[in-house]
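The following exercises ask the reader to derive local features from atomic coordinates. Each task is followed by a worked solution.

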Amino acid sequence: MTEFLANAIFYGAMVSFLVLVYQSAILPGIRQNLRFDLFRLRDDLRRLVIEKRIAEADQAFVLLHDNLNFMCANLPRFELMNAIKVVRTLNGDDLERVRAHIRVLDNSIAEVQKIYHASVNVFIWSVVVNSLFLFLGLSIVVVIVTGVRVGLTELKDALIRKAEEEAKLVFFRSAQVAV
């Protein structure tokens, strides 16, 4: 028991150290790269206005520009649990408004659609990198649960096979069992 406790403390400390290194050293650099991607996308969108390929008052431009600005400022807040909460709390009016925004962007010019899809990819990546340890933890839980389930199924099957083999042996010696 003491060895198990010592191992649990050691591996817990190692995981905590990895989380600390990821959160303090690695993740800020990844976020900065994603933010640079967003700045590039926003610049590409503004270039379309400068080149008069889309009007500054165009609804697609306004929606996408506002969302890119919001994403630049709030990149660290894009986490899986927050995304799930938003999806679950969308009511009829909000859902219809979001669908209307999507239709506006889907019906815009090809360059705006390209920027829109690229910004969605940046959003997805930000959710993944911000929730990496949640994904890893859930994956470990799934592997453990699956392993236990498969292991228990294998154990049950092995016990059944063993019982059947022994029952066959005893079957021919049933006279001795009946005594």
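**Exercise 1.** Is F123 buried, partly exposed or exposed, and what is its relative accessible area?

*Solution.* The model is a predicted one. The relative accessible area of F123 is 31%. Buried requires under 20% and exposed requires over 50%. F123 is therefore partly exposed.

**Exercise 2.** Classify the ring pair formed by F78 and F123, and locate both residues in the chain.

*Solution.* Step one concerns distance: the two ring centres of F78 and F123 are 5.1 Å apart, and a pair requires centres within 6.5 Å. Step two concerns orientation: the planes stand at 65°, and a value over 60 counts as edge-to-face. The pair of F78 and F123 is therefore edge-to-face. Step three concerns position: F78 belongs to the loop between α2 (59-74) and α3 (80-89), while F123 belongs to helix α5 (residues 110-130). With their positions 45 residues apart, the pair links distant parts of the chain. Step four concerns accessibility: F78 has a relative accessible area of 11% and is therefore buried. Finally, ring pairs join F70, F78 and F123 into a cluster.

**Exercise 3.** How many aromatic pairs does a search of the whole structure find, and how is the pair of Y22 and F133 classified?

*Solution.* The search yields 4 aromatic pairs. In one of them, the rings of Y22 and F133 have centres 5.3 Å apart and planes at 70°, so this pair is edge-to-face. Y22 is located in helix α1 (residues 2-50) and F133 in helix α6 (residues 132-171). These two residues are 111 residues apart, and the pair links distant parts of the chain. As for accessibility, Y22 has a relative accessible area of 8% and is therefore buried. F133, at 29%, is partly exposed.

**Exercise 4.** Describe the surroundings of S119, including the polar atom of its side chain.

*Solution.* Begin with the location: S119 is part of helix α5. Its relative accessible area is 5%, so S119 is buried. Next, consider the side chain: a polar atom of S119 lies 2.6 Å from the backbone oxygen of Y116. Then examine contacts, leaving out residues up to four places away in sequence: S119 touches L41, L64, L68 and M71.

**Exercise 5.** Determine how helices α4 and α5 are arranged, and which residues meet there.

*Solution.* The axes of α4 (residues 92-106) and α5 come within 8 Å. Their crossing angle is roughly 130°. This angle is neither between 65 and 115 nor over 145 degrees, and α4 and α5 are therefore oblique to each other. On the α4 side, the residues are I102, L105 and D106. On the α5 side, they are V112, Q113, Y116 and H117. By class, the contact of α4 with α5 comprises 4 nonpolar, 2 polar and 1 charged residues.

**Exercise 6.** Which sign does the phi of K52 have, and is K52 buried or exposed?

*Solution.* Most residues other than glycine have a negative phi. K52 is not a glycine, yet its phi is positive, at about 60°. The residue K52 lies in the loop between α1 and α2. Its relative accessible area is 73%, so K52 is exposed.

**Exercise 7.** Compile the location, accessibility and contacts of A55 and S131.

*Solution.* A55 occupies the loop between α1 and α2. Its relative accessibility is 45%, so A55 counts as partly exposed. Apart from residues up to four places away in sequence, A55 touches V49 and F61. The C-alpha atoms of A55 and E96 are 25 Å apart, with 41 residues separating the two along the chain.

S131 occupies the loop between α5 and α6. Its relative accessibility is 4%, so S131 counts as buried. With neighbours within four places in sequence set aside, S131 is in contact with E79 and L80.

**Exercise 8.** What are the C-alpha separations of V145 from M1 and of V128 from R103?

*Solution.* V145, in helix α6, is separated from M1 by 23 Å, at 144 residues apart along the chain. The relative accessible area of V145 is 49%, so V145 is partly exposed. V128, in helix α5, lies 26 Å from R103, at 25 residues apart in sequence. With a relative accessible area of 27%, V128 is partly exposed.

Notes: Residues numbered from 1 in each chain as written. Predicted model: local features only at pLDDT ≥ 70, side-chain atom pairs only at ≥ 80, totals over all residues. Heavy atoms only, no water. Phe/Tyr/Trp six-rings, centres within 6.5 Å; stacked < 30°, edge-to-face > 60°. Helix = DSSP H or I, 4+ residues; strand = E, 2+ residues; numbered from the N terminus. Buried < 20%, exposed > 50% of the residue type's maximum accessible area, 1.4 Å probe, protein only. Polar contact = N/O pair within 3.5 Å; in protein donor to acceptor, adjacent residues only side chain to side chain. Contact = heavy atoms within 4.5 Å. Axes fitted to C-alpha atoms, helices over the stretch in contact; angles between N-to-C directions. Parallel < 35°, antiparallel > 145°, perpendicular 65-115°, else oblique. Nonpolar A, V, L, I, M, F, W, Y, C, P; charged D, E, K, R; others polar.
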